[in-house]
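Dear colleague,

I am handing over the structure below, and I would be grateful if you could look through it before reading my notes, which follow directly after.

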Amino acid sequence: MAFARHSRDRGFAVLRADWRFAVAMTLGSVTGTVAGGLLVGVVPEGVLLPLLVGLLLLSAVEVWRHR
């Protein structure tokens, strides 16, 4: 449903215009997912969770301050 709605409101036209940005975001997301998955068995949960929380808070602040 979301795919159809996005197609109708020209959301994909924005992605086509900024395809380099979309590729960079995709590669960063995949890289972070793989790195996080590899760290799960190596780094204790008590270390990973605060790091993840800090990363998410930093991202939220950056989005909030973006103009």
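A residue is called buried here when its relative accessible area is under 20%, exposed when that value is over 50%, and partly exposed in between. By that cut-off, 1% of the 67 residues of the protein chain count as buried. Please keep in mind throughout that this is a predicted model, and that every value in this message is computed from it.

On the overall fold, the protein chain contains four helices and zero strands, so that its pattern, read along the sequence, is α-α-α-α. The accessible surface of the chain comes to about 6,300 Å², and 71% of that area belongs to carbon and sulfur atoms.

Part of this surface is a nonpolar patch of about 380 Å², which is made by Leu49, Leu52, Leu55 and Leu56. Two of these residues deserve a closer description. Leu55 is placed in helix α4, which covers residues 45-65, and Leu55 counts as exposed because its relative accessibility is 51%, while the cut-off for that class is over 50%. Leu52 also lies in helix α4, but with a relative accessible area of 43% Leu52 is classed as partly exposed.

The other feature I would point you to is the largest pocket, whose volume is about 340 Å³. Its lining consists of Gly32, Gly36, Leu39, Leu48, Leu51, Leu52 and Leu55, and the elements that give two or more residues to that lining are α3 (19-39) and α4. Helix α4 gives the most, with four residues. Sorted by class, the lining has five nonpolar and two polar residues, and no charged ones; glycine is counted as polar in this scheme.

Leu52 and Leu55 therefore appear in both descriptions, since they are among the residues that make the nonpolar patch and also among those that line the largest pocket, with the exposure classes given above for Leu52 and for Leu55. How far apart are the C-alpha atoms of Leu52 and Gly36? These two lining residues are 16 residues apart along the chain, and their C-alpha atoms are separated by 9.4 Å.

With best regards

How values were computed. Residues numbered from 1 in each chain as written. Predicted model: local features only at pLDDT ≥ 70, side-chain atom pairs only at ≥ 80, totals over all residues. Heavy atoms only, no water. Buried < 20%, exposed > 50% of the residue type's maximum accessible area, 1.4 Å probe, protein only. Areas by Shrake-Rupley, 256 points an atom, 1.4 Å probe, with all protein chains shown as cover. Patch = residues over 30% accessible without salt bridge, like charges linked within 9 Å, V, L, I, M, F, W, Y side chains within 5 Å. Salt bridge = Lys/Arg side-chain N within 4 Å of Asp/Glu carboxyl O. 1 Å grid on protein atoms, 1.4 Å probe; cavity = no way out; pocket = protein on both sides within 12 Å on 5 of 7 lines; lining within 4 Å. Points joined across faces, edges and corners; volume = space filled by probe spheres on them.
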